[in-house]
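Biologist: Could you walk me through this model and tell me how each label was earned? I'd like the reasoning along with the words.

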Amino acid sequence: MKLICIGRNYTKHIKELDNEKPENPVVFIKPDSAILPKEQDFYIPEFSKEVHYEVEVLVKIKKVGKHIDPRFAPGYYDEVSLGIDFTARDLQQKLKEKGLPWEKAKGFDGAAVIGEWLPKSNFKDLNNVGFSLLKNNETVQKASTAQMLWKLDELISYVSRFFTLKKGDIIFTGTPSGVGKIKPNDYLSGILEGKELFSVKIK
Ligand code: ZN
């Protein structure tokens with residue numbers, strides 16, 4: 001399976017990193033080895049002095065699809081969750097400056113936290129779902145899927161133009177503003193519509 005990640009999908013986050021608003025969704029992939037095993041602590045990798053959390057809404061693909069029309073995208077997923085796209089920001093910055101791929105900064109072991117899955121039928125409108133990230137019990141990121149530049153179904157359609165989507169693939173739909181650095185002993189937890197879907201201890 002693969003983890004397909006979207007960058008720059010919330011206007012305020014684009015501004016906080018001083019990025020340009022893209023014409024199309026920014027897309028990158030994390031390998032499945034990036035998934036942080038359940039109940040495991042996250043160890044800050046030795047090659048970075050500035051790892052950032054990025055909380056994101058996740059969608060799990062349930063069947064094979066290619067060139068999916070946005071109208072039919074809802075037929076390709078039944079479950080949603082919340083996760084973290086951990087990013088070695090210092091390394092990413094260096095790679096970006098040189099125009100090199102981001103993978104080392106975003107695809108390293110443990111860089112993908114995946115929360116508990118919820119049936120999409122739990123939600124009245126997936127394009128208006130509130131979520132937040134707490135660091136040491138203080139809210140550091142808070143947003144709604146209503147603020148996405150590209151909605152879930154548009155993202156599924158767009159990425160399926162380039163990659164065949166397969167059962168079990170997970171889409172990370174981009175982070176809102178409020179990203180920041182973690183340090184040892186921090187404790188992160190992700191809340192979707194009032195329900196905690198993951199928690200991670202930083203080492
Ligand atoms: Zn991200």
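What follows is a chat about the metal site, some helices, two loops and the empty spaces.

Modeller: Before we start, keep in mind that this is a predicted model.

Biologist: Fine. What makes E54, E56 and D85 the residues that coordinate the zinc ion?

Modeller: It comes down to distance. A donor is an N, O or S atom within 2.8 Å of the zinc. The OE atoms of E54 and E56 and the OD of D85 sit at 1.9 to 2.1 Å, so they qualify as donors. Along the sequence, the spacing of these donor residues reads E-x1-E-x28-D.

Biologist: Why is D85 called buried or exposed?

Modeller: Buried means under 20% relative accessible area. D85 comes out at 0%, so it is buried. E54 and E56 are buried as well. D85 belongs to strand β5.

Biologist: And which residues is D85 in contact with, once its neighbours within four places in sequence are left aside?

Modeller: They are F28, K30, H52, Y53, E54, E56, K106, A111 and F172. To get on that list, a residue needs heavy atoms within 4.5 Å. Two of the zinc donors, E54 and E56, are among these contacts of D85.

Biologist: On to helix α2. How do you know that its buried residues line one face?

Modeller: The buried residues of α2, which spans 89-97, are R89, L91, Q92 and L95. Looking down the helix axis, they fall within an arc of 155°, so they line one face. The face turned away from that buried side carries K94 and E97, which are exposed. There's a general rule behind such patterns: an α-helix has 3.6 residues a turn, so residues three or four places apart point the same way.

Biologist: What covers the buried residues of α2?

Modeller: The cover includes β3 (51-53), β6 (87-88) and α3 (103-106). Just after α2 comes G99, with a positive phi of about 70°.

Biologist: What makes helix α4 largely enclosed?

Modeller: Count its buried residues: 6 of the 8 in α4 (152-159) are buried, so the helix is largely enclosed by the rest of the structure. They are L152, L155, I156, S157, Y158 and V159. These residues pack against β1 (3-7), β2 (26-30), β4 (55-61), β5 (77-85) and β11 (170-172).

Biologist: Why single out the phi angles of E39 and H67?

Modeller: Most residues other than glycine have a negative phi. E39 is not a glycine, yet its phi is positive, about 70°. H67 also has a positive phi, near 50°. E39 lies in the loop between β2 and β3, while H67 is in the loop between β4 and β5.

Biologist: Are those two residues buried or exposed?

Modeller: The cut-off for exposed is over 50% relative accessible area. E39 has 82%, so E39 is exposed. H67 has 54%, so H67 is exposed too.

Biologist: What makes an empty space a cavity in one case and a pocket in another?

Modeller: In a cavity, a 1.4 Å probe fits but cannot get out, whereas a pocket is an open set of points. With a lower limit of 30 Å³, the count is 2 cavities. The largest cavity has a volume of about 120 Å³. Among its 17 lining residues, the closest to the centre are G7, R8, H13, L17 and E54. E54 also coordinates the zinc ion. α2 gives the most to that lining, with 3 residues.

Biologist: How do the linings of the two cavities divide by class?

Modeller: The largest cavity has 4 nonpolar, 6 polar and 7 charged lining residues. The second largest cavity, with about 50 Å³ of space, has 7 nonpolar, 1 polar and no charged. L152, one of the buried residues of α4, is part of the second cavity's lining.

Biologist: And what about the largest pocket?

Modeller: About 280 Å³ of space lies in it. Of its 17 lining residues, K38, E39, F198, S199 and V200 are the closest to the centre. β14 (195-201) and β7 (112-114) each supply at least two lining residues, and the largest share, 6 residues, is from β14. By class, the pocket's lining has 8 nonpolar, 3 polar and 6 charged residues.

Terms used:
Residues are numbered from 1 along each chain as its sequence is written. This is a predicted model: local features need pLDDT of at least 70, side-chain atom pairs count only at pLDDT 80 or more; totals for chains, interfaces and linings use all residues. Side-chain values use heavy atoms; hydrogens and water are left out. Donors are N, O and S atoms within 2.8 Å of the metal (3.2 Å for Na, K and Ca); water is not among the atoms, so sites may look incomplete. Buried means under 20% relative accessible area, exposed over 50%, partly exposed in between (1.4 Å probe, protein chains only). Helices (H or I, at least four residues) and strands (E, at least two) are DSSP runs, numbered from the N terminus. The arc is that of the directions from the helix axis to the C-beta atoms. On a 1 Å grid over the protein atoms alone, a cavity is a set of points where a 1.4 Å probe fits but cannot get out, and a pocket is an open set with protein on both sides within 12 Å along at least five of seven lines; lining residues have an atom within 4 Å of a point. Grid points are joined across faces, edges and corners, and a volume is the space filled by probe spheres set on the points. Ala, Val, Leu, Ile, Met, Phe, Trp, Tyr, Cys and Pro count as nonpolar, Asp, Glu, Lys and Arg as charged, and the others, Gly among them, as polar.
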